[in-house]
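Got a minute to go through some labels on this one? Let's take them one at a time and see what each rests on.

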Amino acid sequence: PQVIRREDYTAPAFLIETVELVFDLDRDATIVASRLSLKANPERGSGAGDVVSLDGEDMKLLSLKVDGTALAAGDYEVTGEGLRFKAPSEQFVVEIETRISPVNNTRLEGLYVSQSAYCTQCEAEGFRRITYFMDRPDVMATYRVTINAPKDTCPVLLSNGNLVSSTDLPDGRHQAVWDDPFPKPCYLFALVAGDLACVEDSFKTMSGRDVALRIFVEHGNEDRCDYAMDSLKRAMKWDEDVYGLEYDLDLFNIVAVSDFNMGAMENKSLNVFNAKYILAKSDTATDTDYELIESIVAHEYFHNWSGNRVTCRDWFQLSLKEGLTVFRDQEFSSDERSRPVQRIKDVQRLRAGQFPEDGGPLAHPVRPDSYIEINNFYTATVYQKGAEVIRMMHTLLGAEGYRKGIDLYFERHDGQAVTCDDFARAMEDANGVNFDQFRLWYSQAGTPNLIWKGEYDADKQAYRLTIEQKTEPTPGQVIKSDLQMPVKIGLLARDGSELHAQTIDLTQAKQEFLFEDISEEPVVSFNRDFSAPVNVGTIPSHEDLAFLMGNDTDAFNRWEAGQKYASDLLIAAVRAYAKSGDADAALGNVNAFCNALRATLTNDDLDKAFRAQAMILPGEAMLAEQLQPADPEAIYQVRQALRRKVAIALQDEFEASYRHNASNDAYSPDATSAGQRALRAVALSYLAATGETVFLDLALEQYRTADNMTDRMAALTVLNDQDHPGRAEALADFESRFASDTVVIDKWFSLQAMSSRTDTLDQVKKLMEHSAFTMRNPNKVRALVGAFAMANQRNFHAADGSGYAFYADRLMELDNLNPQVAARLAAPLGKWRKFDEDRASKMKAELNRILAKENLSRDLYEIASKSVA
Ligand code: HT7
Ligand code: ZN
């Protein structure tokens with residue numbers, strides 16, 4: 001397959017100014033008529049006689065006219081990838097009719113059918129599955145869209161912009177015409193048609209305009225839209241307050257669909273969502289679901305400016321919109337909820353998803369240099385690391401400087417398709433700084449590793465801090481440069497007071513910093529708030545870590561100290577376990593660690609959500625990242641053993657915490673109530689870890705009496721790993737309550753796929769036969785098959801290779817239906833380098849089996865071939 005390279009970018013030879021589309025909707029044979037006004041691009045100096053090249057896939061060309069005249073057979077060429085003909089002049093009109101089959105579209109790119117509604121997904125290159133077009137983001141046009149459809153099955157007809165007219169047609173059909181005044185790339189085009197219920201509200205913008213807000217859902221789900229609507233209004237207000245950005249149309253629509261490749265899509269004024277990120281009520285959604293809904297609704301809304309008004313010149317610039325928008329949604333959530341807890345969760349996500357990517361075969365820069373399939377580059381690096389890059393600019397420039405840069409960026413580039421470099425330049429120009437070195441964050445892959453050393457001179461009352469940075473080679477990028485990064489530090493006295501705090505501007509391979517007037521040898525709090533997205537190799541003493549857990553004024557680093565302490569204990573124990581096979585003995589005495597945890601658990605000055613987070617030990621996958629080779633069974637056994645030791649040591653405190661955090665109030669999704677539930681859930685899970693049956697009975701009791709999904713899932717999660725009869729009872733009850741609820745039943749699939757029990761793979765195979773499961777729905781595949789590979793290290797890596805073989809079979813099956821999702825799920829097999837030779841060779845064998853598949857998609861080929869190399 002062809003490799004697309006960033007360095008090969010050329011501006012389009014022709015531009016499209018206006019697009020008129022007419023859709024005659026039919027499940028199997030939709031006719032799309034398009035009328036495009038093209039003109040030569042002055043930047044390219046093109047004109048009459050130059051080739052016009054339009055992208056198009058999987059459709060039937062019915063007719064083609066240029067300036068009103070049908071082109072003769074020899075005057076154009078149609079291939080599986082598009083349509084080519086010669087321009088008659090510098091400015092001309094192209095009319096095209098195509099036929100497509102939405103009902104057979106299992107890829108869910110272009111126009112497809114979800115449940116009974118028609119729906120589109122055009123990012124990144126789905127529009128070329130609707131009609132022939134210049135499917136690239138730097139071609140921006142205004143759209144007028146006419147939709148014709150049967151009135152009974154499609155009473156709702158939606159597209160971007162403003163509704164111009166609604167008319168009844170003969171034969172039970174009707175028509176809607178939509179007009180979007182804002183020029184946009186075709187990836188932001190959307191159409192939805194179906195029999196959907198609508199929930200309505202409104203928002204008054206800062207300049208006093210009323211915007212109608214509508215959420216369209218399947219009938220019966222109207223009572224699950226309140227939180228999404230509330231999140232939308234809060235996001236609109238936040239963008240005005242924090243960024244000075246106002247919504248620009250009088251209508252904002254959201255549609256929730258069940259068949260969707262990703263989370264949501266920011267189409268201009270017509271956001272389309274995976275239903276799981278819209279629908280919530282207390283007995284169907286957990287606190288985490290509410291949190292995700294809030295942040296994803298905000299994220300898509302924020303794209304209206306960061307992505308839509310100013311878009312990407314080409315797909316290599318994807319992080320221009322995604323990194324920035326993730327940073328914006330993270331900051332929104334921080335303002336709406338607990339800032340430290342939000343930061344902890346964002347860093348956990350970065351470490352779980354992006355760091356392994358950056359250290360593995362799929363490593364690539366935030367602004368990639370090449371791709372085979374762009375859908376494979378909607379990655380944690382582009383999104384999460386991209387957001388960290390923006391966050392570092394915010395830290396380096398300060399809130400005011402950052403805002404000046406943002407203002408200049410939107411002022412300069414409104415209505416344009418631009419690059420990451422343009423963004424950095426706006427930041428530089430608005431602040432009079434030079435980001436030449438900082439820009440390397442866009443071009444250099446890999447996670448830097450920092451090592452720090454401190455030296456205290458009691459006579460001079462001075463502390464010298466030396467920091468070294470190093471980035472290991474990544475595939476195709478052997479030589480690494482030193483990066484500029486802000487490293488926040490604090491120097492703490494033994495009484496907990498702060499002797500000094502500063503943001504260090506690190507630029508060199510090795511750099512020294514001298515702090516004066518330091519009255520005693522300090523404990524260093526390094527990289528506070530995770531100000532630089534790096535690994536820190538220096539591990540303080542256990543004594544210092546316990547001190548930081550109890551005293552650091554930076555809440556993030558308080559949590560971080562606990563994680564480092566736990567990791568250090570666990571990693572040493574995994575190594576010892578390899579020799580002894582006795583997890584308890586391998587861990588030895590962990591009283592000091594338990595005491596430090598106890599101090600956090602019982603500190604009522606700390607936010608409950610924070611305390612809950614601080615009790616959770618580093619996950620198995622996180623520990624595997626730090627071991628070479630990683631033994632998944634040893635990691636599992638040792639982590640369980642530490643959980644048991646903590647549980648026994650802190651049993652009284654966990655019991656008290658469980659009792660005191662019960663609530664008689666009606667469920668509310670707010671952050672404080674959620675924190676209370678989280679702390680109680682952690683307490684329950686530790687109590688169960690003592691191994692005493694009475695606590696499993698307690699979990700069953702909680703399951704039976706829960707009046708909200710958060711408490712219900714917390715109890716079921718505890719039972720899920722057990723042999724207790726309550727497991728079967730609770731799972732059966734959950735199934736009968738929610739079997740027909742497509743969003744909720746996915747929790748039941750996932751939970752079973754994630755069980756540490758050794759019969760899990762057999763269960764997963766059985767669940768694939770369940771009437772609610774289908775390989776055609778990405779949510780179902782992710783919930784059952786994806787969860788097994790991504791969140792069940794113990795069973796996926798079963799020594800006999802059964803997990804790998806099962807998974808490769810599913811990926812190949814899925815590749816025939818939905819290559820985009822198959823490729824996105826393939827990463828776990830690429831982690832073979834982390835494991836022992838036996839596992840590694842089994843994983844590679846499965847990757848090679850995938851590569852030998854007939855009709856392997858470009859998507860899966862790219863991931864499998866890079867992973868096996
Ligand atoms: N910009 C969107 C990314 C996207 C996508 C969404 C749904 C289905 C397929 C997709 N391909 C790319 C979502 C976002 O990041 O906001
Ligand atoms: Zn986005």
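Q: Why is Asn-41 called buried?
A: Buried means under 20% relative accessible area, exposed over 50%, partly exposed in between (1.4 Å probe, protein chains only). Asn-41 has 5%, so buried is the word. This is a predicted model, where local features need pLDDT of at least 70, side-chain atom pairs count only at pLDDT 80 or more, and totals for chains, interfaces and linings use all residues. Residues are numbered from 1 along each chain as its sequence is written, and side-chain values use heavy atoms, with hydrogens and water left out.

Q: What makes Asp-168 and Lys-151 a salt bridge?
A: The rule wants a side-chain nitrogen of Lys or Arg within 4 Å of a carboxyl oxygen of Asp or Glu. Here N to O is 2.8 Å, so the pair qualifies. The count by this rule is 77 salt bridges.

Q: Why is Asp-168 called exposed, and what is Lys-151 called?
A: Asp-168 comes in at 53%, so exposed fits. Lys-151 has 39%, so partly exposed is its label.

Q: How do you know that Arg-313 forms a salt bridge with Asp-314?
A: Their closest N and O atoms are 2.7 Å apart, so the cut-off is met.

Q: Is Asp-314 buried or exposed?
A: Buried: its relative accessible area is 7%. Arg-313, at 23%, counts as partly exposed.

Methods
Chains lettered and ligands numbered in written order.
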